[in-house]
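Me: I'd like to learn how to read a ligand's surroundings in a model like this one. Can you take me through it?

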Amino acid sequence: MNSWAAPCRREPVDAVVTLPGSKSITARALVLAALAEGPSRLVRPLRARDTDLMADALRALGVGIEVEAGGEASGVPSGVDTDWVVTPGPLRGHVEVDAGLAGTILRFLPPVAALADGPVTVDGDPRLHERPNAGLIAGLRGCGVRVDDDGRGTAPFTVHGTGAVAGGAVTVDASESSQVVSGLLLAAARFTDGLDLSLAGGVPSLPHVQMTVEALAEHGVRVERTTTGWRVHPGPVAPVDRVVEPDLSNAAPFLAAALVTGGRVTVRDWPARTTQPGAHLEHLLPRMGADVQRTSAGLQVTGGTRITPLVADLSEVGELTPVLAALCALADGPSRLTGVAHLRGHETDRLQALDEVLTATGAVVEQLPDGLAITPGPLRAAELDSYADHRMVMAAAVLGLAVEGVVVRDPGTVAKTLPDFVDRWAGLLGEHAGAVS
Ligand SMILES: O=C(O)C1=C[C@@H](OP(=O)(O)O)[C@@H](O)[C@H](O)C1
Ligand SMILES: C=C(OP(=O)(O)O)C(=O)O
């Protein structure tokens, strides 16, 4: 499929959707299970490019990861393969791993690789070579690990595992990605001296760091907040069986459809409490005019007759920016989204890409040093790039609901976190995914 005619919808949608597991929780669960003292079971992990590549990378290091039919907890008919059973083994080096375009692999795998018994080379898509990673590589070196890189910390690079990592007190610059902190914390219980990590500056996406801290605690690791960062005590990592929550960032386009069409969308199995940044949709969407309720079915979002502009600092929830920006282009006044300078280092430079896409469909966009000012204009048809970015396809889908004639090139890029997005979108609208070529 080379291009996708995003469906336009004038009538209110009315749908209940079920979404696959969280990318971020699946990635953490895989890494911690790989470092644990015995086998762990992941029920309903996300099966998508990012998490499949993470599983492959860990397998290359010697971790057993088997697909198994789910039990009762999987919520699907018995006999359907829904679970991953992760069996740790001695971590081996002399391997190359493909990180694709996954920030989670780029930043979570190298600290694990440092515990292997030989060199591990990390490479991936051409765009991965541009994703910022200097903070992680400097942090690893501070822990006593030898890394060969091009001097910028970007992939490809080689981590020289020796079977042990000293750890100790390290200061890192995580201003470009919270994953620098998460990656180091995740493996730190296995470092000889644990890790006393201090931040050199700010860190975006704090809920994702909190997600890491909670995942560590669930695996029995002692982790605490310090005045300058986080401390992880050395010790065993306990195995854990867990059910992976639905991906709430991937819920964003589906819930946004309720606002665009003045309809109603419920996302099933919305967690009562979660560290996923997508949980902030519950508070952000009412600011854009939606009625949001927790019902017995899940999170129900009902759109009104207009979309209210949004002025918000999205530093904690950067992942939501593309879909929220699309909604801003359909609002009835100017919006301002700030706190997201680090989006320039995501799958694409998202501030530039959003500028291009929203401008092409009629908005007036100003790029700010750390965000976007978006003034809606008369809507017009456009052929949009997907920028190899799943969230840009999802943002285009939201625009397409309101703009006749939105065509998205290379929509298959959604495979990163939601391979069947186009089919699910058709299902949301009560259509078949026919308009693809
Ligand atoms: O730890 C994680 O799972 C993630 C952290 C965030 O990264 P940044 O801090 O680089 O934005 C987020 O954008 C990414 O999609 C997932
Ligand atoms: C920034 C994202 O991904 P990654 O984990 O590759 O950084 C994202 O999914 O929005």
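Me: How many nonpolar, polar and charged residues are in the shell around ligand 2?

Reply: Bear in mind that this is a predicted model. Start by sorting the shell by class: around ligand 2 there are one nonpolar, four polar and three charged residues.

Me: Which residues surround ligand 2?

Reply: Going along the sequence, you'll find Ala 102, Gly 103, Thr 104, Glu 319, His 346, Glu 347, Arg 391 and Thr 417.

Me: Why does ligand 2 lie between domain 1 and domain 2?

Reply: Look at who supplies the shell. Domain 1 (3-20 + 247-428) and domain 2 (23-234) both contribute residues, so ligand 2 lies between them.

Me: Which residues does the UniProt annotation "binding site" cover?

Reply: That comes from an unreviewed UniProt entry, and it covers Lys 23, Ser 24, Arg 28, Ser 177, Ser 178, Gln 179, Ser 205, Glu 319 and His 346. Glu 319 and His 346 also appear in the shell of ligand 2.

Me: Let's take Lys 23: buried or exposed?

Reply: Count the C-beta atoms around a residue; 20 or more others within 10 Å makes it buried. Lys 23 has 27, so it's buried. Its place is in helix 1 (residues 23-34), and its contacts beyond four places in sequence include Asp 247 and Thr 417.

Me: And Ser 24, what is it in contact with, leaving aside neighbours within four places in sequence?

Reply: Thr 104, His 208, Met 211 and Gln 276. Ser 24 is in helix 1 too, and it's buried, with 31 other C-beta atoms within 10 Å. Its partner Thr 104 is one of the residues surrounding ligand 2.

Conventions. Residues numbered from 1 in each chain as written. Chains lettered and ligands numbered in written order. Predicted model: local features only at pLDDT ≥ 70, side-chain atom pairs only at ≥ 80, totals over all residues. Near = placed C-beta within 6 Å. Nonpolar A, V, L, I, M, F, W, Y, C, P; charged D, E, K, R; others polar. Domains from an automatic or database assignment. UniProt positions renumbered as here; feature names shortened; annotations may be inferred. Helix = DSSP H or I, 4+ residues; strand = E, 2+ residues; numbered from the N terminus. Buried ≥ 20, exposed ≤ 12 C-beta atoms within 10 Å, placed from the backbone. Contact = placed C-beta atoms within 7 Å.
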